[in-house]
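Work through the exercises below with the model open beside you. Try each task before reading its solution.

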Amino acid sequence: PLKYNHLTPNDRFKMYLANVSRNVVFESENVSQSSRRGHIMFMHSDDVRVENAGFYGLGRTDKRTPIDDVEFLDDGTVEPKTGGNPSGRYADHFHRTGLERANSPAIIRGSAVVDSPGWGIVNHSSYLIAEDNVSFDAVGAHFATEAGDEIGAFRRNLAIKSEGSGDGTESRKDEQDFGHEGVGFWFQGAGVEVEGNIAVSQKHAGYIY
């Protein structure tokens, strides 16, 4: 039985349920501090196929606060008090794996992302097919494209619950820090096919282009 009643406003609305348990698990040992969480990045190769895996408590970029990347002084040393909230440390990050449609896309299918302080599944300058995945309890955005040149597809994915930063959509524009308001799907560009996805219980919006 369910722990809580899940009543819809009227009988015309359906309730969406998701099984987020998987027997292939990637999980942070310490989730109490964002800076101690693990994060996964597939870099510079489209030879990636992820199916039916679970990603729990991952993501080091915390969208509740503005991005704070490491900065360097002229002598090459790190500037003090920088790097407290670096960008690009997402739960499941496909990072510049290639943008050639003639090549095979990277794929993530049937997987679950749970408890991310930033973004869930991210296409960053990649050719990615993301299908039949579920993301639950991501602060900033569940599914995102980062740079605007991304291609591929988000199909039949389910995004449930985001709390958001409480800041306005473009309040961090100068830092190029977007997708923090609490959204199901954040698209920096229009090159990705979007079909049959569902976003529920988002703080700000289901979809933002």
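## Exercise 1: A strand residue and a distant partner

Met 43 is part of strand β2, which covers residues 40–43. This is a predicted model.

**Task.** Classify Met 43 as buried, partly exposed or exposed, and find how far its C-alpha atom lies from that of Arg 96.

**Solution.**
1. Start with accessibility. The relative value for Met 43 is 43%.
2. Apply the cut-offs. Buried means under 20% and exposed means over 50%. Met 43 therefore counts as partly exposed.
3. Turn to the pair. Met 43 and Arg 96 are 53 residues apart in sequence. Their C-alpha atoms are 6.1 Å apart in space.

## Exercise 2: The whole chain

**Task.** State how many helices and strands the protein has, and decide how its radius of gyration compares with the globule rule.

**Solution.**
1. Count the elements. There are zero helices and 16 strands.
2. Compare the radius. The radius of gyration is 17 Å, close to the 17 Å that the globule rule gives for 209 residues, so the protein is as compact as a globular protein of that length.
3. Add the box. Along the principal axes, the C-alpha atoms fill roughly 65 × 40 × 35 Å.
4. Check burial. Of the 209 residues, 45% are buried.
5. Look at contact range. Take contacts between residues at least 6 apart in sequence: 61% of them join residues at least 24 apart.
6. Finish with surface and charge. About 11,100 Å² is exposed, and carbon and sulfur atoms supply 48% of it. The protein carries 21 positive and 31 negative side chains. The centres of these two sets lie 7 Å apart.

## Exercise 3: Two residues in one loop

**Task.** Place Leu 58 and Asp 62 in the chain, then say whether each is buried or exposed.

**Solution.**
1. Locate them. Asp 62 sits in the loop between β4 (54–56) and β5 (92–98). Leu 58 is also in the loop between β4 and β5.
2. Classify them. The cut-off for buried is under 20%. Leu 58 has 5% relative accessibility, so it is buried. Asp 62 has 12%, so it is buried too.
3. List what surrounds Leu 58. Beyond four places in sequence, its contacts include Phe 26, Arg 37, Ile 40, Ala 91 and Pro 117.
4. Do the same for Asp 62. Outside that sequence window, Asp 62 contacts Ser 34, Asn 85 and Pro 117.
5. Pick out the polar contact. The side chains of Asp 62 and Ser 34 make one at 3.2 Å.
6. Take one long separation. Leu 58 and Asp 11 are 47 residues apart along the chain, and their C-alpha atoms are separated by 36 Å.

## Exercise 4: Positive phi outside glycine

**Task.** Find where Asn 52 and Arg 156 lie, and give the phi angle of each.

**Solution.**
1. Place Asn 52. It is in the loop between β3 (49–51) and β4.
2. Read its phi. The angle is near 60°, a positive value in a residue other than glycine.
3. Place Arg 156. It is in the loop between β11 (151–155) and β12 (158–162).
4. Read its phi. The angle is about 55°, positive although Arg 156 is not a glycine.
5. Check exposure. Asn 52 is partly exposed at 43% relative accessibility. Arg 156 is partly exposed, with a relative accessible area of 43%.

## Exercise 5: Three strand residues

**Task.** Describe the surroundings of Asp 137, Val 183 and Ile 198.

**Solution.**
1. Take Asp 137 in strand β9 (residues 134–138). Its side chain joins that of Lys 161 in a polar contact of 2.8 Å. Asp 115, His 142 and Ile 160 are among the other residues that Asp 137 touches.
2. Move to Val 183 in strand β13 (residues 183–186). Its relative accessible area is 0%, so Val 183 is buried. Its contacts include Gly 140, His 142, Ser 162, Gln 202 and Ile 208. Ala 138 is 45 residues away in sequence and 8.8 Å away, C-alpha to C-alpha.
3. End with Ile 198 in strand β15 (residues 198–202). At 24% relative accessibility, Ile 198 is partly exposed. Among its contacts are Tyr 16, Leu 158, Phe 185 and Tyr 207. Glu 181 is 17 residues from Ile 198 along the chain, with 18 Å between the C-alpha atoms.

Note on methods:
Residues are numbered from 1 along each chain as its sequence is written. This is a predicted model: local features need pLDDT of at least 70, side-chain atom pairs count only at pLDDT 80 or more; totals for chains, interfaces and linings use all residues. Side-chain values use heavy atoms; hydrogens and water are left out. Helices (H or I, at least four residues) and strands (E, at least two) are DSSP runs, numbered from the N terminus. The radius of gyration is taken over C-alpha atoms; the globule rule is 2.2 Å times the number of residues to the power 0.38. Buried means under 20% relative accessible area, exposed over 50%, partly exposed in between (1.4 Å probe, protein chains only). Contact means heavy atoms within 4.5 Å. Accessible areas come from the Shrake-Rupley method with a 1.4 Å probe; for residues, only the protein chains shown count as cover. Lys and Arg count as positive and Asp and Glu as negative; His and the chain ends are not counted. The place of a charge is taken as NZ of Lys, CZ of Arg, CG of Asp or CD of Glu. A polar contact is a pair of N or O atoms within 3.5 Å; within protein, one must be able to donate a hydrogen and the other to accept it, and residues adjacent in sequence count only if both atoms are side-chain atoms.
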